[in-house]
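Colleague: I would like to learn how to read the features of a protein model one at a time. Could you give me the general idea of each feature before you turn to the case in hand?

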Amino acid sequence: MTTEISALDLEEAGAVLAAESARFASFGWMRGTSGNLSVVLARDPLRLAVTASGHDKGELTPADVVLVDGNGAAVQGGRPSAEAELHARVAALAGAGAVVHVHTVASVAMGRREPGGIVFKDLEMLKGVGQPAHDVEVTLPVITNSQDMKVLGDRLEAARDPRMPAVVVAGHGLYVWGDTPRQARHHTEVVEWLLELELTQR
């Protein structure tokens, strides 16, 4: 059964994404117009609200959002982020309800230092992504960047570790996801903390 997405549904999703964007922008993780966020509004067929392209992420309004389909193509609204297709791929692949893409210094720096993946262990903060704090190694995958979202999605699918709701795109930034925008935010903050710790220690 097809779920209808109303203008009010899209506006409410836009308000959530605008608030989340402002938070990440305040951390310096979405400088200028960089980065993008999404939230799943329907599963059958897949529909996501994605932040619109070309907007300052610290100044988004509830209207600065686009409804896209499972291929990242606009269904309603203006022009979505060029990476909307990857958001849809993550939502379908990981069952995520929300996806965050930020451009942090730590993710780019650590992606260059550890192109085979970044290993974390014996850290209390791992509990923030649902993993034990001790006696378990968890790897944050690093994948090579591409301007082709299908190629990038294939790389993400091949590298994804179900224990880690995130992946670093080398030379680009960080993709993180969760069941809800709030959980995706928490996962993003935890993974970025882990990356900053590794960068500081080295």
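Colleague: At what angle do helices α3 and α5 pack?

Modeller: An axis here is a line fitted to C-alpha atoms, for helices over the stretch in contact, and angles run from 0 to 180 degrees between N-to-C directions. Helix α3 (residues 105-113) packs against α5 at about 55°, and their axes are 9 Å apart. That angle makes α3 oblique to α5, because under 35 degrees counts as roughly parallel, over 145 as roughly antiparallel, 65 to 115 as roughly perpendicular, and the rest as oblique. The crossing of α3 and α5 is left-handed, a term that applies if the near helix is turned anticlockwise from the far one by less than a right angle, with right-handed if clockwise.

Modeller: Please keep in mind that this is a predicted model, in which local features need pLDDT of at least 70 and side-chain atom pairs count only at pLDDT 80 or more, while totals for chains, interfaces and linings use all residues. Residues are numbered from 1 along each chain as its sequence is written, and side-chain values use heavy atoms, with hydrogens and water left out.

Colleague: Which residues make the contact between α3 and α5?

Modeller: Contact means heavy atoms within 4.5 Å, and helices (H or I, at least four residues) and strands (E, at least two) are DSSP runs numbered from the N terminus. On the α3 side the contact is made by A106, S107, A109, M110 and R113, and on the α5 side by E192, L195, E196, E198 and L199. Sorted by class, the contact of α3 with α5 has five nonpolar, one polar and four charged residues; here Ala, Val, Leu, Ile, Met, Phe, Trp, Tyr, Cys and Pro count as nonpolar, Asp, Glu, Lys and Arg as charged, and the others, Gly among them, as polar.

Colleague: How is α1 oriented towards α5, and which residues form the contact?

Modeller: Helix α1 (residues 7-26) packs with α5 at an angle of about 15°, and the two axes are 11 Å apart. The angle makes α1 roughly parallel to α5, and the crossing of these helices is right-handed. V16, E20, R23 and F24 of α1 meet P181, R185, T188 and E189 of α5, so that, by class, this contact has three nonpolar, one polar and four charged residues. A general idea helps when you look at such lists: an α-helix has 3.6 residues a turn, so residues three or four places apart point the same way.

Colleague: Is H187 buried or exposed?

Modeller: Buried means under 20% relative accessible area, exposed over 50%, and partly exposed in between (1.4 Å probe, protein chains only). H187 is found in helix α5, residues 181-201, and counts as buried because its relative accessibility is 10%. Residues up to four places away in sequence aside, H187 touches G128, V129, P165, V176, W177 and G178.

Colleague: Which residues of helix α2 are buried, and what covers them?

Modeller: In α2 (residues 84-94) the buried residues are A84, L86, H87, A88, V90 and A91. Their cover includes strands β1 (36-43), β2 (46-51), β3 (65-68), β5 (98-102) and β10 (173-178), together with helix α4 (149-159). L86, with a relative accessible area of 0%, is buried, and, leaving aside its neighbours within four places in sequence, it is in contact with M149, L152, G153, L156 and Y175.

Colleague: What does the record from UniProt say about H101 and H103?

Modeller: UniProt positions are given in the numbering used here, feature names are shortened, and annotations may be inferred rather than shown by experiment. The UniProt annotation "binding site", from an unreviewed entry, covers H101 and H103. H101 lies in strand β5 and counts as buried because its relative accessibility is 0%. Among the residues that H101 touches are M30, E83, H87, H172 and Y175.

Colleague: Where are D122 and D135, and are they exposed or partly exposed?

Modeller: Both backbone cases have a positive phi without being glycine, about 55° for D122 and near 65° for D135. D122 is in the loop between β6 (118-120) and β7 (138-140), and D135 is also in the loop between β6 and β7. D122 is partly exposed at 43% relative accessible area, whereas D135 counts as exposed at 76%.
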